[in-house]
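Please find below a colleague's note on the model under review. The points are numbered for ease of reply.

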Amino acid sequence: SMMAIVPAYAAVSIISETCGTLPLHQFTRKPDGTRAPMPLTKVIDSPADGSLTVDWIQRCAASMLTNHGAVGLLTGSGLWPTGCTWINPSRLTGDIEGGRAKFWLDGRTIEPEEFIYIPSMSMPGKALGVSRVQYFAETFSAAREAQRANRDWSKSRAVPGSKLKNTKKVIDAAEAEALSERASSRIRNGKPFVYGMDWDFDVMSMPAGDIAFLQSIKANATQIAAIYNIPPEMIGGETGNSLTYSTVEQNTIKFLTFTVRPLLKRIEDALSRRLLPRPQYLKFNADALIRVDSTTRYANYRISREIGLTNVDELRDFEDWSPLPDGQGQSYAPLALIQKGATNEGR
């Protein structure tokens with residue numbers, strides 16, 4: 001029922017699809033502290049349920065947004081799992097016993113090696129995470145009732161936007177229908193409807209109570225946006241100021257920083273710890289969410305390469321280009337050191 005609420009569906013859809021469509025990379029940490037890219041583990045690249053990686057990640061995120069967390073059943077007889085299938089989180093219960101978390105699946109005890117659990121938000125003394133839907137049930141219920149009332153209002157309480165009245169004679173049903181069609185046709189085409197001195201044309205406004213009711217729907221969307229920490233205008237709510245190009249870009253950064261990043265970090269850490277041997281780990285490329293113009297993007301690339309933050313092959317990968325041949329794009333050395341070395345060799 002919660003997903004039938006338009007703002008709630010929009011919030012869950014936007015956040016989970018953002019998580020699912022961000023590039024996910026696997027790395028291993030070398031002894032010298034640098035990282036090396038690796039192929040994505042089969043558990044994620046080819047999910048056990050036959051779905052795509054995008055859908056697999058989205059299911060995980062959607063569970064965390066609509067329930068107390070994401071629950072994945074692990075399969076495989078080796079040291080590391082070969083499959084992970086997300087299930088309905090309501091099947092899992094948990095409690096703290098003797099200072100340690102203990103969990104039950106469908107009423108039976110489940111061991112830590114059998115599943116992976118990513119809480120939506122952790123609280124002290126609780127084995128399970130905090131469910132937004134449970135804690136704010138009244139807000140979602142009010143939004144659902146407002147949406148249902150809006151549907152009923154549209155069916156039974158909607159009033160005509162205008163009326164056309166003849167002050168001289170009584171118009172029968174056939175004449176009224178014909179005049180209504182003629183007037184509607186002229187108004188739709190943006191042309192004036194010509195009538196004599198015995199006609200009265202009045203544009204009717206919506207009652208103040210109905211206007212306030214419809215405004216409450218936007219207020220519910222704004223509250224749901226606060227629950228999911230998402231910009232209100234993204235799900236039909238109202239923001240406090242008008243948007244310009246700069247604020248649109250800043251809102252994207254805020255959406256990434258405060259809405260998506262906490263979710264991504266929990267998913268990264270949990271999947272890395274349960275699905276990969278150390279020192280391998282997973283990392284989302286959250287920068288892919290920020291779309292800037294090419295001039296700004298290339299300027300950022302140049303700076304990151306000059307200081308040795310990235311190598312050329314990584315920058316080329318951002319643009320979906322293949323690496324340079326023979327490992328020419330693998331160096332992280334700052335450009336100043338490379339140029340200095342070339343100068344010394346020339347002398």
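The points that follow take up confidence, strand pairing, charged pairs and aromatic rings in turn.

1. Status and overall confidence. The structure is a predicted model. Over the chain, pLDDT averages 81, and 78% of the residues score at least 70. Confidence is highest in strand β8, at 96, and lowest in strand β10 (residues 199-203), where the mean is 56.

2. A segment to be read with caution. Over residues 209-214, pLDDT stays under 50. The model nevertheless gives this segment nine contacts beyond four places in sequence. Where pLDDT is low, the predicted coordinates should not be read in detail.

3. Pairing around strand β1. Strand β1 (residues 24-29) has pairing to describe with both β11 and β2. With strand β11 (residues 280-284), β1 runs antiparallel and is joined by five bridges; here H25 stands opposite K283. With strand β2 (residues 35-38), β1 is again antiparallel, through four bridges, and T28 stands opposite A36.

4. The hairpin of β1 and β2. Five residues lie between the two strands of this hairpin. Within the hairpin, G33 takes a positive phi near 95 degrees.

5. The sheet of β5, β6 and β7. These three strands form an open sheet in the order β5-β6-β7, with antiparallel pairing. Its edge strands are β5 (92-97) and β7 (108-109), each of which pairs on one side only. Between β5 and β6 there are six bridges in the antiparallel sense. T93 has W104 in β6 as its bridge partner.

6. R35 and its two partners. What does R35 meet in a salt bridge? The partner is the side chain of E314, at 4.0 Å from N to O. Because R35 lies in strand β2 and E314 in helix α10 (residues 312-318), the pair ties together parts that are 279 residues apart in sequence. R35 counts as partly exposed, at 31% relative accessibility, whereas E314 counts as buried, at 17%. The charged end of R35 also sits over the ring of F27, 3.9 Å from the ring centre. R35 thus appears both in a salt bridge and over an aromatic ring.

7. K283 and E268. A search of the whole structure finds seven salt bridges, and one of them joins K283 to E268, with the closest N and O atoms 4.0 Å apart. Since K283 lies in strand β11 and E268 in helix α8, this pair ties together parts that are 15 residues apart in sequence. Helix α8 spans residues 245-275. Is E268 buried or exposed? E268 is buried, because its relative accessible area is 6% and the cut-off for buried is under 20%. K283, at 37% relative accessibility, counts as partly exposed. Leaving aside residues up to four places away in sequence, E268 touches L282, K283 and F284. K283 is also the residue that stands opposite H25 in the pairing of β1 with β11.

8. E114 and R108. A further salt bridge is formed by E114 with R108, the closest N and O atoms being 3.8 Å apart. E114 counts as partly exposed, at 29% relative accessibility. R108 likewise counts as partly exposed, at 43%. Side chains of opposite charge can pair when their charged atoms come close.

9. Aromatic pairs. The structure holds five aromatic pairs. Among them is the pair of F103 and F115, which is edge-to-face, with 5.4 Å centre to centre and 70 degrees between the planes. This pair links distant parts of the chain, since F103 is in strand β6 (residues 100-105) and F115 in strand β8 (residues 115-119), 12 residues apart. A pair of aromatic rings is described by the distance of the centres and the angle of the planes.

10. The ring cluster. F103 and F115 are both buried. Which residues do ring pairs link into a cluster? The cluster consists of F103, F115 and Y117. F115 belongs to strand β8, the element in which confidence is highest.

Methods: Residues numbered from 1 in each chain as written. Predicted model: local features only at pLDDT ≥ 70, side-chain atom pairs only at ≥ 80, totals over all residues. Heavy atoms only, no water. Phe/Tyr/Trp six-rings, centres within 6.5 Å; stacked < 30°, edge-to-face > 60°. Buried < 20%, exposed > 50% of the residue type's maximum accessible area, 1.4 Å probe, protein only. Lys NZ or Arg CZ within 6 Å of the ring centre and 35° of its normal. Pairing = 2+ DSSP bridges. Contact = heavy atoms within 4.5 Å. pLDDT = per-residue confidence, 0-100.
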